[in-house]
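Reader: I have a sequence and a structure to go through. Please take me through them in short questions and answers.

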Amino acid sequence: MRLFIAEKPSVATAIAEVLGITKKGRGFFECSTGDRVTWCFGHMLEQAEPDRYTADDVPMRDGKKIWRVEDLPIIPQEWILQAKPDAKDQLEQIGLLISKATEIVHCGDPDREGQNLVDEVLDLYKNQSPVLRYWASSIDTVAVKRALESLTDNALKKSFGDASIGRQRADWLIGMNLSRAFTLRAERAGSRALITVGRVQTPVLSLIVHRDREVENFIPIPFHTLKATLNHPEGAFSAKWKAKEDQTGLDAEGRLINTEIADALIVQMKDAVATVTDAKSVAKKQQQPTAFSLSALTILASKKFGYSAQDVLDICQGLYDKKITTYPRSDCGYLPESQFADAKEVLAAIKIVTPELAALVDTADPTIKSKTWDDSKVTAHHGIIPTMEAHNKNQLSEKEKTIYDLIVRSYLAQFYPVHQFLSTTVQIDIDGESFTTSGKVVTHNGWKDVYADPDDDTDESDKDDASQRLPKLTSGESLTLGALERRDAKTKAPSRFNEGSIIAAMIGIHKHSDLSAADKKLLREGDGLGTEATRASILSELKRREYLTIQGKHLISTTMGRAIIDALPSMVKSPVLTALFERMLKSVEIGEMKLEDFIAKQESFIRDQVEKANVGSVKIAGAKSVTPISDIHKCGACNHGLSRRPSAKRGRYWWGCSNYPTCPQMYADLNGKPNFSKPIVPKEKPAES
């Protein structure tokens, strides 16, 4: 019996329908081919908690072992995976099916996590049967049939799974060890705060904290611009003043900040003749935009509709499960050339799902092959596009309709001509002062016909000039000066992050980091912070921990979030660590680095950071207060720090060992210090302060 193991029920159903379902059993489908198809629910196994790796005699509190400095770092010699509580029944059924199979077909999603989550189940049950790999980016019927016809040896994708294992273990080492170490460090200073540290989570929080402080500390700087209105027989247009290199009254950024000089310039030029010193028109083309990666789609949906990253991921997953769009967690906007031939069928399906776009579909030319179709630029995934599957649009939620429309239009744009325009730049002299302007004349709208309100690609400050229609101008031509005015402005603070802009920053992290040129280069060459699959969950976790809050559309760091960033060393909150980490994981994925070597480097880093965190203490603003642990006064029985606690009697204190309940040693208080000559062993647990 051949057994197909899918990553999720929707994929299993799609495969089983193509094979021909004859019966549904407990956790699997029987097919007319004699095959069986079963499914996981994502990762069925999870890393064991640190309590599984620490000594049995560690004291318990609320059913878990207490956190202690002496137990850190926790570095497993043999990693333990355990079944998730809600997955045990299905796991047992998969194990039974594996034992009866003569061949396995691995149908995890086409990425690192998809590879590992099925492989780890096969390893759990010590599978000995041969394993083939099914690889598909969508679950429509055509895509499933193609994948079934092109199965490969699962061993060819082993390195993908190794990269996933490396990511899991390294994240566990960082999260479990550094969260404990810095939480205990805060406790020693009298702050009760759970300080969760994450390889990606912490640099992202740091980025938002830094931006919030930039905004709050920003002092606007007033400056002036000069604008001329110029008359021409074919129509008036405007131009902006450009300061000379030796112009007085400018600040370090080249802005005119001296009002008297600005006014003097206007008086000087008021009655002057304007002369065109240079005029150039260049024919330009703008290629069709690529299809959406998940991040690109999230950024646009956040900007246009205020959707959160988790919203977009969930919507895309829903559209994928309905078989009308391709795999959602894509990091790539390019498309495989093999799918170009599917255009007619995909366009026909779009017309059925969204009849309101029929005119755009009918105008599309499926023979146009944009530069988006490029095998050399396709990664493990391709851009998110519609499938050939027709679906009743009335069964979609409003948000699903909105996102589907964005995906459809990006696909339709591939089958429209390139956008063509004339880009004109003009330089004008007015009494020795230079003015410049530019304009854009569309000669063929092309793919922009697909969009009702295409985004303006120009910078805000240049919109007036770039959008104006310029007359035909020649060098040496004289113009009449219609008006000359001073415009007063102020520099603007950077914008606070929203869910779309923070994801853009995570991708282009090198643009937001105060780093050396070498580090910026490293970050620029990498894939940024996080992955398509994890960025939404990272933001959700920061909000759940109340390190971030939402104000309108903006993400704002809380007092606790800022205090945590202030308490952490630069290396832990720097994106450089993540860039190095991702570069090594990529080497593991392509087989250039062994998994064991990658883990060894992570262990070395953890040992170094824990050693530093275990020294000293740090107070966390916004945290609950607890009795601080002394770095000076140590327990005579076990050498742990002592805490000074109030007695039941008003105005009295006593000293207790911070290693309680392992060590119950107590001392009387003598002028604010422990009286080591009067140790006390309590008969029962002392009252907590």
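Reader: What pLDDT does the protein chain average?

Author: This is a predicted model, and pLDDT is the predictor's confidence in each residue, from 0 to 100. Of the residues, 94% score at least 70. The average for the protein chain is a pLDDT of 89.

Reader: Which element of the protein chain has the lowest mean pLDDT?

Author: At the top of the range is strand β10 (residues 131–133), with the highest mean, 98. pLDDT stays under 50 over residues 456–465, a stretch with 15 contacts beyond four places in sequence in the model. Residues 685–689 are also below 50, with 9 contacts beyond near neighbours in sequence. The element with the lowest mean, 48, is helix α13 (residues 463–466).

Reader: In what order do the strands of the barrel follow one another?

Author: The barrel is closed by 6 strands, and their pairing is antiparallel. Neighbouring strands of this sheet are turned by 35° against each other on average, direction ignored. The order is β13-β14-β17-β16-β15-β18.

Reader: Over how many bridges do strands β13 and β18 pair?

Author: Strand β13 covers residues 222–231 and strand β18 residues 478–490. One bridge joins leucine 230 to its partner in β18, leucine 481. The two strands pair in the antiparallel sense, over 10 bridges.

Reader: Which helix packs on this sheet, touching β13, β14, β16, β17 and β18?

Author: The strands touched include β14 (237–242), β16 (419–430) and β17 (433–444). The direction of the helix makes about 170° with that of β18. The helix is α7 (residues 259–269).

Reader: Which helix gives the largest share of the largest nonpolar core?

Author: This core has 93 residues, and those touching the most other members are Val204, Leu297, Ile403, Tyr411, Ile502 and Ile620. In soluble globular proteins, nonpolar side chains tend to be buried together. Another core, of 23 residues, lies apart and has Ala239, Leu256, Phe435 and Leu479 among its members. The largest share of the 93-residue core, 8 residues, comes from helix α5 (residues 158–188).

Reader: Which residues does valine 204 touch, not counting residues up to four places away in sequence?

Author: Valine 204 is one of the residues that touch the most other members of the largest core. With those sequence neighbours left out, valine 204 touches Ile502, Met506, Leu529, Leu539 and Leu542.

Reader: Is arginine 535 buried or exposed?

Author: Arginine 535 lies in helix α16 (residues 535–544). A polar atom of the arginine 535 side chain is 3.2 Å from the backbone oxygen of glycine 530. Buried means under 20% relative accessible area. Because its relative accessible area is 4%, arginine 535 is buried.

Methods: Residues are numbered from 1 along each chain as its sequence is written. This is a predicted model: local features need pLDDT of at least 70, side-chain atom pairs count only at pLDDT 80 or more; totals for chains, interfaces and linings use all residues. Side-chain values use heavy atoms; hydrogens and water are left out. Helices (H or I, at least four residues) and strands (E, at least two) are DSSP runs, numbered from the N terminus. Buried means under 20% relative accessible area, exposed over 50%, partly exposed in between (1.4 Å probe, protein chains only). A polar contact is a pair of N or O atoms within 3.5 Å; within protein, one must be able to donate a hydrogen and the other to accept it, and residues adjacent in sequence count only if both atoms are side-chain atoms. A nonpolar core is a set of buried Ala, Val, Leu, Ile, Met, Phe, Trp, Tyr and Cys residues joined through side-chain atoms within 4.5 Å. Contact means heavy atoms within 4.5 Å. Two strands pair if DSSP finds at least two bridges between them. Axes are lines fitted to C-alpha atoms, for helices over the stretch in contact, and angles run from 0 to 180 degrees between N-to-C directions.
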